[in-house]
Amino acid sequence: MTGTDRAGSGGPGTPGGAGGSGGGPLLLGVRHHGPGSARAVRAALEAARPGVVLIEGPPEADALIPLAADEDMRPPVALLAHAVDEPGCSAFWPLAEFSPEWVAVRWALEHDVPARFIDLPATHTLAWRAAERAGDEGREGEEPEPEKPGSVGEGDEPGADFPGVRADPLAALAGAAGHDDPERWWEDVVEHRGTGDGDALAPFTALEEAMGALRETEAGGGRDRDLVREAYMRLQVRAARREFAQEVAVVCGAWHVPALRRKVTVAADRALLKGLPRTKVDMTWVPWTHRRLSRASGYGAGIESPGWYGHLFGAADRPVERWLTKVAGLLREEDRIVSSAHVIEAVRLAETLAVMRGRPLPGLSETTDAVRAVMCEGSDVPLALVHDRLVVGDVLGEVPAGAPAVPLQRDLARTQRRLRLKPEALERELELDLRRETDAGRSRLLHRLRLLGVGWGEPAASRGSTGTFRETWRLRWEPELSVRVAEAGVWGTTVLAAATARAEADAVTARGLADVTALAERCLLAELPDALPPVMRILADRAALDTDVGHLAQALPALVRSLRYGDVRGTDTGALAEVAAGLAERVFVGLPPACAALDADAAEEMRRHVDAVHGAVGLLGDAPAPGHGDLRSRWQAVLRILSARDTVPGTVRGRAVRLLLDDGELAPDEAARLMGLVLSPGTPPADAAAWIEGFVGGGSGGGMLLLHDERLLTLVDAWLTGVPAEAFTDVLPLLRRTFSAYEPGVRRSLGELVRRGPQWRGRATTAGSGIPGFAAELDTGRADAVLPVIRLLLGVDASGAVGAANATGPVSEVGATGAVDAVGAASVSGAAGAAGAASVAGTAGDADATDSGAAGPGTGGRRSGAEDNDLVGVDA
């Protein structure tokens with residue numbers, strides 16, 4: 001053969017129009033991931049019986065083609081190529097069961113016919129992309145364009161860079177046919193078309209003619225990368241025709257067929273390929289998901305409904321009836337009432353809609369409308385479930401163990417099998433009991449992978465237990481994680497070695513002290529004994545040099561939390577305790593001066609630091625490090641200093657008093673005295689409001705404290721009543737933020753007590769009579785009824801005298817206050833608000849407010865109930 005491609009001798013309308021007996025190769029133009037194209041390719045190959053099948057894809061994957069016949073290979077899968085020196089530079093070629101390329105590969109293997117990939121090699125594609133990315137990053141003032149994952153095939157989607165026909169050739173064809181929806185047009189013309197008994201090559205001939213007409217309108221012949229790819233494909237087709245005497249079949253994107261048919265000299269094609277950049281690449285098969293196929297990735301042909309397409313390809317007959325039966329089964333699993341009559345009616349409706357819309361068969365839009373109307377009763381909520389589970393789907397492919405992989409990937413696969421932790425595309429929760437060896441191993445693996453940047457699992461809040469021996473993970477395997485594993489391979493050949501090396505490197509490059517302490521905690525969780533010593537050395541050095549109390553306070557909680565894992569995980573935390581105690585000492589010394597002269601935002605941040613340090617000292621004080629004394633008593637001395645200094649912001653002072661009260665280091669009478677001093681007329685309202693927020697604000701149980709301590713509630717009520725009108729609007733946002741954080745039941749109970757006025761509070765808290773929900777005296781029968789539950793919670797036998805006494809004491813006390821009824825106060829209707837909400841005095845508004853629901857003896861001219869609710873943000 002000379003330097004000219006003679007492949008174009010067959011014209012449209014003849015067998016040579018698609019190639020074959022006309023003298024040229026059999027060119028089968030397809031739509032990637034199209035079930036109709038896949039069926040047509042299979043029929044064409046069966047009819048033509050070529051001697052070799054050439055497929056659009058990277059030639060480096062030729063050695064991986066035999067693995068497609070392995071019984072453990074289950075699509076969707078993808079070819080993964082990554083640069084050896086930079087694993088993060090990678091690309092995917094995804095293939096589903098209904099992808100024409102996959103059908104061609106499988107047909108060739110089943111019939112012992114050679115199959116080859118003929119697209120531009122990945123060695124050039126990845127190097128080209130790396131060069132473009134470097135060029136984008138080097139342009140001053142410009143941000144690099146974000147790269148789509150799995151994007152080798154991006155160039156295959158016509159018109160990503162050019163408007164008009166190339167942007168969407170299917171839209172142009174659909175518009176020429178009078179359709180405004182290209183997807184619906186393609187379904188009607190191709191996907192719903194059966195192979196029948198006609199010419200198997202007819203659809204390819206028609207599609208080639210249409211694409212040829214579209215490409216004639218294209219100015220400049222296309223993008224440079226497409227021209228290069230098509231030149232390489234033409235050279236590979238020529239080489240195959242010289243090598244094989246039998247017919248050559250080519251399966252490629254329909255857009256490329258006119259270019260492969262074009263007569264171009266060999267010299268011209270080789271000139272386009274001259275000087276292409278190169279990089280060394282590795283290739284393998286990796287699992288893929290239907291959800292990932294639904295994105296614009298791979299060949300740039302992201303499809304919106306891979307589950308629907310897979311159903312169309314796999315359904316032997318009656319696809320609509322089978323699909324709606326699947327939908328009914330899914331809805332039944334979700335406890336929705338769906339019968340066979342629903343299915344029959346939905347099928348009839350879908351067929352009627354197809355006739356009304358002029359379609360040959362019901363498509364996805366018709367079946368979706370039928371499901372919404374018949375099975376979902378017009379609701380889009382269950383319909384969203386159908387779309388997520390069936391239209392898209394969570395199918396995860398599988399690849400055989402013999403597929404090439406980096407050593408780290410092999411070690412991960414072995415560990416997954418040993419721990420019986422199978423990757424799944426569907427998100428699920430995993431509860432772990434770290435006292436069991438298998439669960440402890442699973443926890444170590446997931447924590448090590450997180451250190452390596454492989455986010456297979458994310459920690460979640462455990463339900464029903466706060467013990468350190470419980471962990472809850474939310475697992476979901478995404479195909480991109482295979483790339484992350486390949487990237488992490490530079491750190492080691494096993495998960496343990498790689499995580500250790502990565503932790504040591506992260507400790508050196510960590511910017512802040514809190515980052516190092518968080519890393520130390522992760523090393524303990526991941527059980528990396530070799531990484532912990534260097535991390536601890538860096539932590540000690542950073543802590544010695546850091547003088548910012550905020551940084552120290554941020555670092556301490558994570559460090560102290562790590563100490564809790566020693567008992568469960570069997571790790572030595574002695575060095576960690578020493579560093580944590582030293583860090584706590586420095587916080588104690590530096591915190592009082594650091595709390596002086598802070599604005600509102602800085603004060604709120606410092607309050608959070610105080611809370612965090614308090615919790616950390618509570619854990620650390622249980623097992624103090626040698627040489628550091630009693631840390632708990634020293635911290636309480638710091639809190640006393642903070643509570644007494646006028647230069648400390650009110651938020652921090654109020655929090656310090658509250659923490660001392662909760663620890664039993666401050667008598668209730670003393671706390672009431674301090675509150676009375678702060679809420680005296682001489683204190684600016686804004687400072688008093690900040691003190692209240694620190695004392696009873698947030699989720700610290702302050703509402704319950706006010707509910708059960710009438711003195712504190714009376715103090716807040718009296719102070720709020722006396723706030724001047726001109727200052728009320730200034731303190732209102734702060735008060736709203738404080739009280740709106742309470743539980744709804746607490747707000748209702750507080751609002752009821754405040755609305756009824758001071759004369760009722762003593763009676764409400766001392767078993768007074770007449771208040772709905774409160775008994776006149778202790779109801780021992782009701783109190784005794786809860787004793788079995790309390791014994792069960794406390795683990796005390798019925799015969800245990802001490803347990804019974806401990807159980808009955810609180811019940812009697814609660815009953816004595818009139819609160820034996822679990823939420824008696826909450827049952828009072830029409831009550832809403834919080835402490836002081838209903839007792840805003842007339843000095844802050846109209847003293848003659850006459851709301852009958854809020855006014856009463858001794859209320860002193862209170863605001864209306866509507867204004868009370870506006871104060872605390874509660875809807876009565």
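In this predicted model, a search for enclosed space turns up two cavities of 30 Å³ or more. The second largest of them holds about 30 Å³ of space. Its walls are formed by Thr289, Arg291, Asp394, Ala425, Arg476, Trp477 and Glu478. Sorted by class, this lining has four charged residues, two nonpolar residues and one polar residue.

Open space is also found in the model. The largest pocket has a volume of about 940 Å³. A total of 33 residues line this pocket, and Pro287, Val399, Pro400, Gln409 and Ala413 are the closest to its centre. Four elements each give two or more residues to the lining: strand 3 (77-83), strand 7 (281-287), helix 16 (407-418) and helix 18 (480-488). Helix 16 supplies the largest share, with seven residues. As for the character of the pocket wall, 19 of the lining residues are nonpolar, eight are charged and six are polar.

Helix 16 and helix 18 come up again in the surroundings of helix 19, as both are among the elements that cover its buried residues. The others named in that cover are helix 17 (437-451), helix 20 (513-526) and helix 21 (532-545). The buried residues of helix 19 are Val495, Ala498, Ala499, Thr500, Ala503 and Ala507. Some of this spacing can be read against helix geometry. An α-helix has 3.6 residues a turn, so residues three or four places apart point the same way. The length of helix 19 (residues 495-509) can be checked too: at 1.5 Å a residue, its 15 residues should span 21 Å, and the end C-alpha atoms are indeed 21 Å apart, so the two values agree.

Attention turns next to the packing of nonpolar side chains. In soluble globular proteins, such side chains tend to be buried together. The largest nonpolar core here has 112 residues, and the members that touch the most others are Trp456, Leu591, Trp635, Leu642, Phe695 and Trp719. Helix 24 (residues 574-594) makes the largest contribution to this core, giving eight residues. A separate core of 41 residues lies apart from it, with Val41, Ala81, Ala91 and Ala403 among its members.

Trp719 offers a handy place to look at the packing of the largest core residue by residue. With neighbours within four places in sequence set aside, Trp719 is in contact with Leu679, Pro685, Ala688, Ala689, Ile692 and Leu735.

Terms used: Residues numbered from 1 in each chain as written. Predicted model: local features only at pLDDT ≥ 70, side-chain atom pairs only at ≥ 80, totals over all residues. Heavy atoms only, no water. Core = buried A, V, L, I, M, F, W, Y, C linked by side-chain atoms within 4.5 Å. Buried < 20%, exposed > 50% of the residue type's maximum accessible area, 1.4 Å probe, protein only. Contact = heavy atoms within 4.5 Å. 1 Å grid on protein atoms, 1.4 Å probe; cavity = no way out; pocket = protein on both sides within 12 Å on 5 of 7 lines; lining within 4 Å. Points joined across faces, edges and corners; volume = space filled by probe spheres on them. Nonpolar A, V, L, I, M, F, W, Y, C, P; charged D, E, K, R; others polar. Expected span 1.5 Å × (residues − 1).
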